[in-house]
Amino acid sequence: MKDYKNLVTPYYMVKEKIVSDNVNGFLDALTEYGNNSSLAYSIKTNTLPFLIQWMQSQHVMAEVVSDEEYELARICGYDPSEIVF
């Protein structure tokens, strides 16, 4: 029988402060250099619902490339007007 004691389960560690600083930096740059711009998060990049919901709470639009990603964005609270397809 195989010994599974030494196996490590992979996981994502998301540091909210770092993500928040990055989002705010992008939003500040968009405000400074173009008032007709929006920031959108690529759902394909990371499909973790808590991260998608956090992005939505920060007024970051969702960028999707499939029906599945669109549905995930909707499930996570995005209005269709906040989704770029």
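# A tour starting at K44

Select K44 to begin, and you will find this residue in the loop between β1 and α2. The model on the screen is a predicted one, and the tour treats every value as computed from that model. K44 is exposed, with a relative accessible area of 56%. If you set aside the neighbours within four places in sequence, the residues in contact with K44 are V65 and E69. Now add D21 to the selection and draw a distance between the two C-alpha atoms: K44 and D21 are 23 residues apart along the chain, and their C-alpha atoms are separated by 21 Å.

Keep D21 and zoom in on its side chain, adding K17. Side chains of opposite charge can pair when their charged atoms come close. Here the side chains of D21 and K17 meet in a salt bridge, with a distance of 2.9 Å from N to O, and the structure holds one salt bridge in total. Why are these two residues separated by about one helical turn? D21 and K17 are four residues apart in helix α1, and therefore about one helical turn lies between them. As for their surroundings, K17 counts as exposed because its relative accessibility is 60%, whereas D21 is partly exposed, with a relative accessible area of 41%.

Go back along the chain from α1 and select V14, which is found in the segment before this helix. V14 counts as partly exposed, at 32% relative accessibility. Add Y12 and F50 to the selection and show the surface, where Y12, V14 and F50 make a nonpolar patch of about 340 Å².

Next, pass to the other side of α1, which spans 16-33, and select S38 in the loop that leads from this helix to β1 (40-42). Is S38 buried or exposed? With a relative accessible area of 54%, S38 is exposed, because the cut-off for that class is over 50%. Measuring from S38 to F26 in the viewer takes you twelve residues along the chain, and the C-alpha atoms of the two are separated by 9.5 Å. Apart from neighbours within four places in sequence, S38 is in contact with L30 and M61.

Follow that second contact and select M61, which lies in strand β2. Beyond the neighbours within four places in sequence, M61 is in contact with S38, L39, A40, Y41, Y78, S81, E82, I83 and V84, a list that is convenient to colour as one selection. From M61, draw a line to Y78: the two are 17 residues apart in sequence and 7.9 Å apart in space, C-alpha to C-alpha.

Before leaving this part of the chain, look at H59, in the loop between α2 and β2 (61-63). H59 has a positive phi of about 65° although it is not a glycine. H59 is also exposed, with a relative accessible area of 68%.

Now centre the view on Y78. Leaving out neighbours within four places in sequence, Y78 is in contact with I52, M55, Q56, V60, M61, A62, A73 and I83. Which residues have the most contacts inside the largest nonpolar core? They are V23, Y41, I43, I52, M55 and Y78, in a core of 17 residues. The elements that give two or more residues to this core are α1, α2 (49-57) and α3 (67-75), and α2 gives the most, with four residues.

Finally, zoom out and show the whole chain as a cartoon. There are three helices and three strands, and reading along the sequence gives the pattern α-β-α-β-α-β. Aligned to its principal axes, the chain has C-alpha atoms that fill a box of roughly 60 × 30 × 15 Å. The radius of gyration of the chain is 16 Å, while a compact globule of 85 residues would have one near 12 Å. Of the 85 residues in the chain, 25% are buried. With the surface switched on, you are looking at an accessible area of about 6600 Å², of which 54% belongs to carbon and sulfur atoms. For a last display, draw the contacts between residues at least 6 apart in sequence: 26% of these join residues at least 24 apart.

Key. Residues are numbered from 1 along each chain as its sequence is written. This is a predicted model: local features need pLDDT of at least 70, side-chain atom pairs count only at pLDDT 80 or more; totals for chains, interfaces and linings use all residues. Side-chain values use heavy atoms; hydrogens and water are left out. Buried means under 20% relative accessible area, exposed over 50%, partly exposed in between (1.4 Å probe, protein chains only). Contact means heavy atoms within 4.5 Å. Patches are made of residues with over 30% relative accessible area and no salt bridge: like charges are joined within 9 Å, nonpolar side chains (Val, Leu, Ile, Met, Phe, Trp, Tyr) within 5 Å. Accessible areas come from the Shrake-Rupley method with a 1.4 Å probe; for residues, only the protein chains shown count as cover. A salt bridge is a side-chain nitrogen of Lys or Arg within 4 Å of a carboxyl oxygen of Asp or Glu. A nonpolar core is a set of buried Ala, Val, Leu, Ile, Met, Phe, Trp, Tyr and Cys residues joined through side-chain atoms within 4.5 Å. The radius of gyration is taken over C-alpha atoms; the globule rule is 2.2 Å times the number of residues to the power 0.38.
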